[in-house]
Amino acid sequence: MTVVTDVVCPLCGSVCDDIEVEVEENKITKVIKGACAVGKSKLQGHERIKSPMIRVNGVLKECSYDEAIKKAAELLAKARRPLLYGWSSTVCEADKVGIALAEEIGGVVDNTASVCHGPSVLAIQDVGIPCCTLGQIKNRADLVIYWGSNPANAHMNHMKRYSYISKGYFLPGGKKDKKLAVVDVRETSTSKMAELFAQIEPGKDFLLFSAVRAVLMGYEDIVPDEVGGIPKEKIVTLANMIKESRFFITFFGMGVTQSRCRQNNIVNAIQTTRAGHLHTKGAIMPMRGHYNVNGFNQVCTWETGYPFAVDFSRGFAWYNPGETASTDLLGRGECDVALIIASDPASHFPADAVKHLARIPVIIIDPYHNPTTEFADIVIPSAICGIEAEGSVYRMDNVPIRVRKVVNTDYMSDEEIVERILEEVRAIKEKEGE
Amino acid sequence: MEGIKVILISGRTIAQGENLENKMSEEYFNAVAICELNEGDMARLGVSADENVKVKTDYGEVVVKAKKAKGYPEGIAFIPMGPWANALVSANTRGAGMPAYKGLDAVITKTDEAVLYITDLFRKYKEEAWKK
């Protein structure tokens with residue numbers, strides 16, 4: 001038995017990097033410390049896809065990696081409107097090759113941001129963002145606001161490592177030196193810990209941001225008695241908490257991005273943060289879901305100029321979410337082949353988008369069986385990044401972290417698989433050109 | 001029986017997260033094919049915990065198990081993110097690329113119909129897809 005320290009968790013955007021595990025016979029047998037329940041569940045493993053498979057007469061039949069990769073390349077090379085979707089539970093190195101593949105075949109490449117923080121990305125492009133690292137928040141933020149986000153369930157170590165519960169250099173007392181405010185439509189485990197909890201009516205976030213912003217800018221008199229179900233008194237209290245803090249941070253989640261007004265909520269949230277700068281220091285940060293959802297956006301931006309939903313069908317990078325995002329493409333029934341990697345759109349897309357996946361050939365690259373494999377015609381199992389393969393990922397605060405290889409595996413990595421598909425596609429195209 | 005009108009939201013839960021990479025399992029089914037409601041709404045519907053309810057929006061309908069939960073105002077229902085919640089969501093993103101997953105108008109009724117297991121739910125999708 002060996003103890004491995006400083007293991008990096010490949011689950012959520014918090015990317016905890018202080019995990020200790022026990023390894024026995026090339027398997028993680030125990031998580032000693034560091035990981036939350038959700039991370040622990042992933043590190044300890046689930047049932048895997050045993051072999052590459054190709055669907056023959058409606059049934060998935062085992063085959064070799066070579067066969068599956070060749071077949072996948074053939075499908076992609078002849079596709080007229082291929083979609084390459086996922087890329088968030090894998091490393092940047094695989095993402096880079098995936099973008100090259102999309103360019104090669106004139107496809108659309110998109111990651112899971114389009115159904116989580118895509119609106120945040122649009123808002124940041126619109127008005128920029130005052131940001132900082134999680135280290136700065138831990139050491140300096142004496143007011144933590146979670147808005148439409150429930151880290152106690154979704155990012156379970158977030159408060160302990162980086163925000164309200166963590167002990168910082170300038171805030172050695174931990175939560176004794178800090179204040180917590182929560183805005184949510186329902187009472188959550190996070191809201192129960194808060195000094196101020198504003199239980200907002202669904203879809204009223206834009207209005208509440210505007211009200212807080214008005215108070216911060218000195219226009220308290222124009223705020224009505226109640227906004228989105230929150231009494232004016234509480235709105236003024238929240239604004240005063242911001243004014244009186246030495247450094248405030250607003251973390252926002254899908255409660256804001258997936259509700260009415262979508263990206264406009266985030267524009268208003270960012271501008272509310274800026275209004276806070278009239279009084280004190282502060283920043284705002286999206287609570288990114290997958291451990292490398294941010295990484296894909298980084299790689300895609302430096303490779304193509306755009307963060308997600310990039311369409312290469314014109315021969316150059318074209319970006320217009322609403323037209324080129326995966327849900328729109330599938331909802332319109334537009335794509336004719338889908339390559340899905342490191343994600344599960346069958347579970348997380350609206351039903352009508354999922355139904356289109358049933359109509360077209362689907363290639364999936366993933367370590368595990370999931371509902372998308374139910375639709376797949378080619379299944380290519382891969383090594384689990386952060387456990388069986390290494391690479392770079394970006395934490396929610398844009399800090400790159402190297403995830404480690406903890407155990408050996410016979411599974412190919414995502415990077416190798418996509419690289420091999422790209423080589424095959426190039427070979428097919430070269431042959432066609434002859 | 002008359003249904004109740006609710007605003008439907010979805011989101012992550014611990015049990016959903018623990019089975020994120022274990023979706024074909026019974027644990028995931030039990031964690032996600034549910035609808036949380038407050039006590040008053042459960043009484044208005046005439047259902048007790050673990051009885052089945054049908055949730056219907058303009059875009060689809062799905063049967064899930066009712067669960068009593070604290071902390072919800074009356075008229076708000078929660079289904080953890082996953083295939084059952086998404087059966088009720090439109091693929092029209094209104095130009096944003098992002099579907100409206102939260103804040104949907106829905107009607108909930110008590111039902112004797114069974115909750116579809118994950119493979120059955122997707123089999124139904126495949127059949128519907130080819131009909132279209």
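This tour proceeds through a predicted model, stop by stop, and states what each selection contains.

Residues are numbered from 1 along each chain as its sequence is written, and chains are lettered from A, with ligands numbered from 1, in the order in which they are written. In this predicted model local features need pLDDT of at least 70 and side-chain atom pairs count only at pLDDT 80 or more, while totals for chains, interfaces and linings use all residues.

**Stop 1: the contact between the chains**

Display chains A and B together. The contact draws 53 residues from chain A and 45 residues from chain B; two residues are in contact if their C-beta atoms, placed from the backbone, lie within 7 Å. Now select residues 351–359 of chain A, helix α15, which gives the most to the side of chain A that touches chain B, with seven residues. Helices (H or I, at least four residues) and strands (E, at least two) are DSSP runs, numbered from the N terminus. By class, this side of chain A has 21 nonpolar, 21 polar and eleven charged residues. Here Ala, Val, Leu, Ile, Met, Phe, Trp, Tyr, Cys and Pro count as nonpolar, Asp, Glu, Lys and Arg as charged, and the others, Gly among them, as polar.

**Stop 2: strand β3 of chain B**

Select residues 52–56 of chain B, strand β3, and show the side chains. Val53(B) and Val55(B) point to one face and are buried, whereas Asn52(B), Lys54(B) and Lys56(B) point to the other and are not. A residue is buried if 20 or more other C-beta atoms lie within 10 Å of its own, exposed if 12 or fewer, and partly exposed in between, with C-beta atoms placed from the backbone.

Add residues 61–68 of chain B, strand β4, which runs antiparallel to β3(B) and is joined to it by five bridges. Two strands pair if DSSP finds at least two bridges between them. A hairpin of four residues connects β3(B) to β4(B). Then add residues 104–110 of chain B, strand β6, which pairs with β3(B) in the antiparallel sense over four bridges. Lys54(B) is a useful marker: its bridge partner in β4(B) is Val63(B), and in β6(B) Lys54(B) stands opposite Thr109(B).

**Stop 3: the three-stranded sheet of chain A**

Return to chain A, where three strands form an open sheet in the order β1-β2-β3, with antiparallel pairing. Strands β1 (2–7) and β3 (27–33) stand at the edges, each with a single partner strand, so one side of each is left without a neighbour in the sheet. Between β1(A) and β2 (residues 19–24) of chain A there are four bridges, and Val23(A) in β2(A) is the bridge partner of Thr2(A).

**Stop 4: strand β17 of chain A**

Select residues 337–341 of chain A, strand β17, in which five of the five residues are buried. Val337(A), Leu339(A) and Ile341(A) point one way, and Ala338(A) and Ile340(A) the other way. Strand β6 (residues 82–86) of chain A pairs with β17(A) in the parallel sense over five bridges, and Leu84(A) stands opposite Leu339(A). Strand β18 (residues 362–365) of chain A also pairs with β17(A) in the parallel sense, over four bridges; Ile365(A) in β18(A) is the bridge partner of Ile341(A).

**Stop 5: the five-stranded sheet and helix α11**

Select the open sheet of chain A with the order β10-β9-β8-β13-β14, whose pairing is parallel. Its edge strands are β10 (196–199) and β14 (281–286), and each pairs on one side only. Strands β8 (residues 143–147) and β13 (residues 247–252) of chain A are joined by five bridges, with Ile249(A) in β13(A) as the bridge partner of Val144(A).

Helix α8 (residues 205–216) and helix α11 (residues 262–276) of chain A pack at an angle of about 15°, with their axes 9 Å apart. Axes are lines fitted to C-alpha atoms, for helices over the stretch in contact, and angles run from 0 to 180 degrees between N-to-C directions. The contact includes Phe206(A) and Phe209(A) of α8(A) and Ala269(A) and Thr272(A) of α11(A). Its residues divide into six nonpolar, seven polar and two charged. Helix α11(A) also lies across β8, β13 and β14 of chain A, running at about 165° to β14(A).

**Stop 6: Val403(A)**

Finish at Val403(A), in strand β21 (residues 400–403) of chain A. Val403(A) is buried, with 23 other C-beta atoms within 10 Å. Leaving aside neighbours within four places in sequence, its contacts include Val8(A), Val91(A) and Cys385(A).
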